[in-house]
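This report looks at one protein model and the ligand it holds. Please have the sequence and the 3D view at hand while reading.

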Amino acid sequence: MSITKAYAAQGATTPLTPFNFERREPGAHDVQIEILYCGVCHSDIHQARGEWGNSIFPMVPGHEIVGRVTKVGAHVKNFAVGDLAGVGCFVDSCRECHNCKEGLEQYCDTGMVGTYNGVEKDGTPTYGGYSTQIVVDEKYTLRVSDKLPLTGVAPLLCAGITTYSPLKHVGVKKGDRVAVLGLGGLGHMAVKFAVAFGAEVTMLSSSPSKKADAERLGAHHFALTSDEATMKGLQNHFDVILNTVSAQHDYITYLNLLRTNGTMIVVGVPPAPVQIHAFPLIMQRRSIIGSLIGGIKETQEMLDFCAEHNIVSDVEVIKMDYINEAYERILKSDVRYRFVIDLASLK
Ligand code: NAP
Ligand code: ZN
Ligand code: ZN
């Protein structure tokens, strides 16, 4: 067992504070990773504040982890001490169901084991990346290129794969009209991937101040969602809308922006149920689908794609003790475009 320093939420209404706990010694198939950087995802806030009704406290959030391997178990094949490694949103799954066998571990029939706010098969609670080290089975550990800045790589482990996977799934290709709704951590990665796949990309944002950034990120157009005339002009326009918004909003407004056979992909999680009427779906044979992160194989594919195309997240690096302020800024949509914790500040 080794003592690990961390920050944890002790309850849904308390700020995150320092917390020490023990990680297991690496087993035969495990790698032990010294965490260098961990991204701050809006899902960390939803769960630390008990918004999904599934929170286990104390909670050490963090599922956008990059670090360096410090120990490997006797049967580890793909990692050696000193290698860079990444860990995303889950650290285990049943490994036997159809989804696990197909590389869709995030949809495991019995449920994936979350990197935090989860329970290992032996009953131990999982603690995430707001901590100095982690021990994970190598099958659930990703290889990380040394070509890219590690601070910008960390958010790829959730924000990256969550946007890459559904854009691939719906087959976005050159010339498709793709809209990204919400310019935050997920949204800015969605713009980069959709542009890399050759789409004509429109940023749909509620923040006028983000126009210049949207263009810098590669979006071809920017539309302010509060501007009625602009929104009217975009009716029946898009092939795909990737909806990353974390707050309550009206899905129907955006469904109406899809052209015939268009698809709205929901990845953002508003806190309460959202109404949809049949007509916006029926009238243009539109679809609405959801998508959850991505499997290990596809996450590796995405990381390799990013290394090849020089794609990283735009980040603001913070110290661990800034985390509660960072949460408040995320809630005000004041993040450009991912906070990443430098874990050296916790050692
Ligand atoms: P984020 O950085 O906070 O970005 C969310 C964006 O939504 C904001 O930047 C803002 O963009 C927009 N927004 C926020 N409040 C709004 C409001 N009241 N009305 C309209 N737009 C608003 O969050 P994130 O980390 O990208 O995560 C986004 C959501 O995806 C969260 O709910 C998170 O839990 C979820 N998520 C899902 C998955 C999955 O697998 N499906 C994975 C990770 C995260 P503008 O300023 O441009 O409007
Ligand atoms: Zn996340
Ligand atoms: Zn499974």
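How many bridges join strand S13 to strand S14, and do the strands run parallel or antiparallel? The model is a predicted one. In it, strand S13 (residues 238–243) and strand S14 (residues 258–266) run parallel and are joined by five bridges. Across this pairing, Ile 241 faces Met 264 of S14. S14 also pairs with strand S15 (residues 287–290), again in parallel, through four bridges. Here Ile 265 is the residue opposite Ile 289 of S15.

**The ligand site**

Ligand 1 is surrounded by 29 residues, of which the closest are His 42, Ser 205, Ser 206, Ser 207 and Arg 338. Sorted by class, this shell holds 12 nonpolar, 15 polar and two charged residues. Helix H1 (42–48) and helix H5 (185–196) each contribute at least two residues to the shell. The largest share, three residues, is that of H1.

Where does ligand 1 lie with respect to domain 1 and domain 2? Both domain 1 (2–157 + 299–346) and domain 2 (160–290) give residues to the shell, so ligand 1 lies between them.

Some polar distances between ligand 1 and the protein are listed here.

| Ligand 1 atom | Protein partner | Distance |
|---|---|---|
| oxygen | Gly 185, polar backbone atom | 2.9 Å |
| nitrogen | Val 267, polar backbone atom | 3.0 Å |
| oxygen | Arg 338, side-chain N or O atom | 2.6 Å |

Taken alone, ligand 1 exposes 920 Å², and the protein buries 88% of that area.

Note on methods:
Residues numbered from 1 in each chain as written. Chains lettered and ligands numbered in written order. Predicted model: local features only at pLDDT ≥ 70, side-chain atom pairs only at ≥ 80, totals over all residues. Heavy atoms only, no water. Near = heavy atom within 4 Å. Polar contact = N/O pair within 3.5 Å; in protein donor to acceptor, adjacent residues only side chain to side chain. Areas by Shrake-Rupley, 256 points an atom, 1.4 Å probe, with all protein chains shown as cover. Nonpolar A, V, L, I, M, F, W, Y, C, P; charged D, E, K, R; others polar. Domains from an automatic or database assignment. Pairing = 2+ DSSP bridges.
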